[in-house]
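Please look through the structure below together with its sequence, and keep both at hand while reading the explanation that comes after.

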Amino acid sequence: QAQLVESGGGLVQAGGSLRLSCEASGIFFNLYVMGWYRQAPGKQRELVATISRGNTTNYRDSVKGRFTISRDNAKNMVYLQMNSLEPEDTAVYYCHAALNQDGLGSSWGQGIQVTVSS
């Protein structure tokens, strides 16, 4: 029933910006912690950023100061603003929702490609 749909990916040159969007349906959005993960070719999926019900945010060290996660509970939307993109940011990005840190009620988007050229 739950569905997360990402948009906003694409190809950008190093130093450029993209904004990813994720629209959620089939869940009570304001009860969920939201996050973005990514998986590069040949590497494990890794957490990029999370945002809590109270808008507390966390980022992996490599994106701090460059990426911003935000949410709009009225629209059931979560965003990832990505600035100063680097080739190392190239990956498939996944939207994620869960009720707690243990992953209760976990849902995943289908993933969207972000490619940063050097």
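The paragraphs that follow turn from a sheet to a network of salt bridges and then to a surface patch.

This is a predicted model, and a convenient place to begin is an open sheet of four strands, which has the order β1-β3-β8-β7 with antiparallel pairing. Because β1 (3–7) and β7 (67–72) each have a single partner strand, they stand at the edges, and one side of each is left without a neighbour in the sheet. From one strand to the next, the twist averages 15 degrees. Within this sheet, β3 pairs with β8 (residues 77–82) in the antiparallel sense over six bridges, and Cys22 has Val78 in β8 as its bridge partner.

Six salt bridges are found in the whole structure, and a network of them links Arg38, Glu46, Arg60, Arg66, Glu86 and Asp89. Arg38, which is buried at 6% relative accessibility, forms a salt bridge with Glu46, with the closest N and O atoms 2.8 Å apart. Glu46 also meets Arg60 in a salt bridge (3.5 Å, N to O); since Glu46 lies in strand β5 (residues 46–51) and Arg60 in the loop between β6 (57–59) and β7, this pair ties together parts that are 14 residues apart in sequence. Glu86 and Arg66 form another salt bridge (3.9 Å, N to O), which links the loop between β8 and β9 (91–98) with the loop between β6 and β7, the two residues being 20 residues apart. Of this pair, Glu86 is partly exposed at 32% relative accessibility, whereas Arg66 is buried at 11%.

On the surface, Phe28, Leu31, Leu99 and Leu104 form a nonpolar patch with about 400 Å² of accessible area together. Leu31 belongs to the loop between β3 (18–25) and β4 (33–39) and is partly exposed, with a relative accessible area of 33%.

Note on methods
Residues are numbered from 1 along each chain as its sequence is written. This is a predicted model: local features need pLDDT of at least 70, side-chain atom pairs count only at pLDDT 80 or more; totals for chains, interfaces and linings use all residues. Side-chain values use heavy atoms; hydrogens and water are left out. Patches are made of residues with over 30% relative accessible area and no salt bridge: like charges are joined within 9 Å, nonpolar side chains (Val, Leu, Ile, Met, Phe, Trp, Tyr) within 5 Å. Accessible areas come from the Shrake-Rupley method with a 1.4 Å probe; for residues, only the protein chains shown count as cover. A salt bridge is a side-chain nitrogen of Lys or Arg within 4 Å of a carboxyl oxygen of Asp or Glu. Buried means under 20% relative accessible area, exposed over 50%, partly exposed in between (1.4 Å probe, protein chains only). Two strands pair if DSSP finds at least two bridges between them. Axes are lines fitted to C-alpha atoms, for helices over the stretch in contact, and angles run from 0 to 180 degrees between N-to-C directions.
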